[in-house]
Amino acid sequence: MNKVPITNIKQYTEGSLKEKNEFIKIFGKAIQEFGFVIIEGHEVPNKLIQDCYDQIIQLFDLPKNIKSNYIEEGGLGQRGYVSFGLEHAKNNDKGDLKEFWHIGREFYENKDLELKSAKNIWPVKELPNFKDKLTTLYSSLDKISLVLLSAISEYLGIPKNTLSNMAKDGNTVLRALHYPPVTGDQFNSGAIRAAAHEDINLITILCEATEGGLEILTRQGKWLEIQSQKGQMIVDSGDMLSRITNEIIPSTTHRVVNPINAKNVSRYSLPFFVHAYENCELNVLDKCVSPSRSAKFPPILANEFLLQRLREIGLGKKI
Ligand SMILES: O=C(O)CCC(=O)C(=O)O
Ligand SMILES: [Fe+2]
């Protein structure tokens, strides 16, 4: 396979039983064997995605000292602004050539959890519409993520709501990313926009980025450029899904390469990292254990796993 499989989510949400089952099979097999799947038919208006990009372009255009006001002091880079070069891939000491902004959940079904959870940071003074646009996108992607997790559960042959229940009120984050044009020194340093890594979470949904550069490592060990069209979203599997499925659905290695000189412009992207709720126990699913495949991982709380992984990528120390 040298092309990312394409599926239409409407088949699952609005289709006949036959179409539903077809989606489950194609989507599940694609995420398992390929690691990346393109989704069409998702109904998030293009205009909303465009409006969000307009907001984040203005956000990253703000002077450095203003952006720095929005660093979550004493936090772990999970809300607000995270400076250029701070995050790096696991086992890689070169910082990625990117700056970003994290948005967490605004609305929880469990109001006690809402009170306890980290609060979002908003650039209200400079960008009064940022909060509204980005939380609207967050809510839309949150709904899509629960649908996709139901389809994965059905693919695995476990109760339909098993995975979506883990992500309800989940510690999910929307990341607004900016990769500035790459300077000559950076080109020579060997650093890239995002070095090869796996995402920490269950699944990631990516709205189309403003420029190319995203590549996945296929299960056959070859780098493949991802080309998605307007209106498509990309879904990939992360480490938490890999862990609970006992690596039946492994996480997918991917990276963002540097631009070629002729296209050395800023790149913006909007990954949505779908996490389990903080106190969710990540247990290997019974269905994914067999005499020939014993459980490879002990249980761990989602939040503990997150903290462990954040330490490995340079966000574990309070900033
Ligand atoms: O910018 C992209 O297209 C992907 C970003 C990514 O993989 C990440 O932030 O984990
Ligand atoms: Fe990633």
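The UniProt record, an unreviewed entry, places a domain named "Fe2OG dioxygenase" at residues 169–276. The model examined here is predicted. Over residues 169–276 the chain is 11% helix and 36% strand. The end C-alpha atoms of this stretch lie 8 Å apart.

An open sheet is built from four strands. Their order is β6-β11-β8-β9, and the pairing is antiparallel. Two strands form the edges: β6, residues 194–197, and β9, residues 223–225. Each of these pairs on one side only. From one strand to the next, the twist averages 20°. Strands of a sheet pair through backbone hydrogen bonds, in either a parallel or an antiparallel sense.

The contact between β6 and β11 can be described in detail. Strand β11 covers residues 254–256. It pairs with β6 in the antiparallel sense over two bridges. In β11, V256 is the bridge partner of A194.

Both of these bridge partners recur around the ligand. A194 and V256 are among the residues that surround ligand 1. H254 also belongs to this shell. The other residues around ligand 1 are R175, L177, D199, L206, A209, L214, S269 and P271. Three strands each supply at least two residues of the shell: β5, β11 and β12. Strand β5 spans residues 173–179, and β12 spans residues 267–274. By class, seven residues of the shell are nonpolar. Two more are polar, and two are charged. Strand β11 thus appears in both settings, as a member of the open sheet and as a contributor to the shell around ligand 1.

How values were computed:
Residues numbered from 1 in each chain as written. Chains lettered and ligands numbered in written order. Predicted model: local features only at pLDDT ≥ 70, side-chain atom pairs only at ≥ 80, totals over all residues. UniProt positions renumbered as here; feature names shortened; annotations may be inferred. Pairing = 2+ DSSP bridges. Axes fitted to C-alpha atoms, helices over the stretch in contact; angles between N-to-C directions. Near = placed C-beta within 6 Å. Nonpolar A, V, L, I, M, F, W, Y, C, P; charged D, E, K, R; others polar.
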